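Biologist: I am new to this structure. Could you take me through it by question and answer?

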Amino acid sequence: MGVIQYEQQAGVARVTISFPARFNAMSRIMWRELRSVFESVQNNTEVRCVVIGGEGGNFCSGGDISEYADFRFQESTLRDFHENDVWGGLKAMLACDVPIVAKIDGNCMGAGVEIASCCDIRLAGVGARFGAPIARLGFPMAPREAALVAREVGLVTARQMLLEAAIFSATDMKAAGFLSRVLADDQLGAEAQATALRIAGLAPQAARLNKQTLRALISPLAPVHIARDAIDVVASDIGEAYGYADSVEHREGVQAFLEKRKPAF
């Protein structure tokens with residue numbers, strides 16, 4: 001099973017998404033571990049910067065589809081997965097006052113884009129690939145997650161990711177404003193470490209206060225700040241947000257992926 005690994009040295013914490021057999025796909029347990037790790041970081045005054053990356057040449061390929069049949073086809077368990085497991089992990093990252101650097105290589109898909117969207121500085125290898133092709137699996141992105149991704153990648157790119165299942169290069173994502181820097185793949189690790197050490201060498205209280213100010217300016221889910229109540233209603237109170245759980249196309253998309261065939265929508 002996959003795990004979220006944590007190590008800390010000289011004020012820099014390293015968080016590693018580790019499920020290399022599945023290109024670092026996120027399982028339910030891993031989402032819960034992600035939340036626990038970042039809640040711990042928030043309360044650790046010795047940590048001055050966090051670097052998050054994936055093991056074995058990929059950042060994160062999305063969700064662990066092999067476990068989807070256990071909970072995705074019932075509305076209540078589907079809602080619990082997105083509102084508690086996934087959003088719990090993402091919210092802990094968004095609420096963390098310690099600067100977070102994303103070290104992105106290989107596949108950064110779906111859940112990977114969501115996790116990267118919670119980071120302050122995003123570095124990528126030139127060979128990295130980005131997308132959220134879940135339309136091929138027969139289901140939409142959950143409302144809170146879609147609002148977060150759209151804020152960070154931009155509405156034009158988000159529409160292409162979600163409606164066209166488009167895949168973007170690191171150069172594309174740098175042009176879209178999502179990435180801070182694009183580097184040669186073999187230079188990514190060294191640059192992420194150097195960036196983290198630069199941050200760690202600065203005033204830690206100032207960094208935390210700056211993050212609080214920036215968070216207040218953009219709100220958790222801007223650009224939907226004015227419509228935030230509406231997002232909460234869609235995500236929490238209206239059944240239609242997860243009402244597709246038992247739909248034919250949802251089941252077909254997941255089953256086709258597991259059977260390694262093209263879905264028939």
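What follows is a short exchange on confidence, rings, cores and one helix residue.

Biologist: What is the mean pLDDT of the protein?

Modeller: This is a predicted model, and pLDDT is the predictor's confidence in each residue, from 0 to 100. A pLDDT of 70 or more is reached by 92% of the residues. The mean pLDDT of the protein is 92.

Biologist: Over which residues is the pLDDT below 50?

Modeller: Where pLDDT is low, the predicted coordinates should not be read in detail. The stretch in question has 5 contacts in the model beyond near neighbours in sequence. The pLDDT is below 50 over residues 222-227.

Biologist: Is the pair of Phe 130 and Phe 178 stacked or edge-to-face?

Modeller: The ring centres of Phe 130 and Phe 178 are 6.2 Å apart, with 80 degrees between the planes. Planes over 60 degrees apart count as edge-to-face. The pair is therefore edge-to-face.

Biologist: How many residues apart are Phe 130 and Phe 178?

Modeller: Phe 130 lies in strand S7 (residues 129-131), while Phe 178 is in the loop between helix H6 (170-175) and strand S9 (181-183). The pair thus links distant parts of the chain. Phe 130 and Phe 178 are 48 residues apart.

Biologist: Is Phe 178 buried or exposed?

Modeller: Buried means under 20% relative accessible area. Its partner Phe 130 has 0% relative accessibility and counts as buried. Because its relative accessible area is 1%, Phe 178 is buried.

Biologist: Over the face of which residue does Arg 72 lie?

Modeller: Ring pairs link Tyr 68, Phe 71, Phe 81 and Phe 139 into a cluster. Arg 28 lies over the face of Phe 71, at 4.5 Å from the ring centre. Arg 72, at 3.9 Å from the ring centre, lies over the face of Phe 139.

Biologist: Which helix gives the most to the largest nonpolar core?

Modeller: In soluble globular proteins, nonpolar side chains tend to be buried together. The largest nonpolar core here has 67 residues, and those touching the most other members include Met 26, Ile 115 and Phe 130. With 8 residues, the helix that gives the most to this core is H2 (residues 75-94).

Biologist: How many residues are in the other core, the one with Val 51 and Leu 188?

Modeller: This core lies apart from the largest one. Leu 123 and Ala 196 are also among its members. Its residues number 11.

Biologist: Is Arg 159 buried or partly exposed?

Modeller: Arg 159 has its place in helix H5 (residues 155-163). Because its relative accessibility is 49%, Arg 159 counts as partly exposed.

Definitions and conventions. Residues numbered from 1 in each chain as written. Heavy atoms only, no water. Phe/Tyr/Trp six-rings, centres within 6.5 Å; stacked < 30°, edge-to-face > 60°. Helix = DSSP H or I, 4+ residues; strand = E, 2+ residues; numbered from the N terminus. Buried < 20%, exposed > 50% of the residue type's maximum accessible area, 1.4 Å probe, protein only. Lys NZ or Arg CZ within 6 Å of the ring centre and 35° of its normal. Core = buried A, V, L, I, M, F, W, Y, C linked by side-chain atoms within 4.5 Å. Contact = heavy atoms within 4.5 Å.
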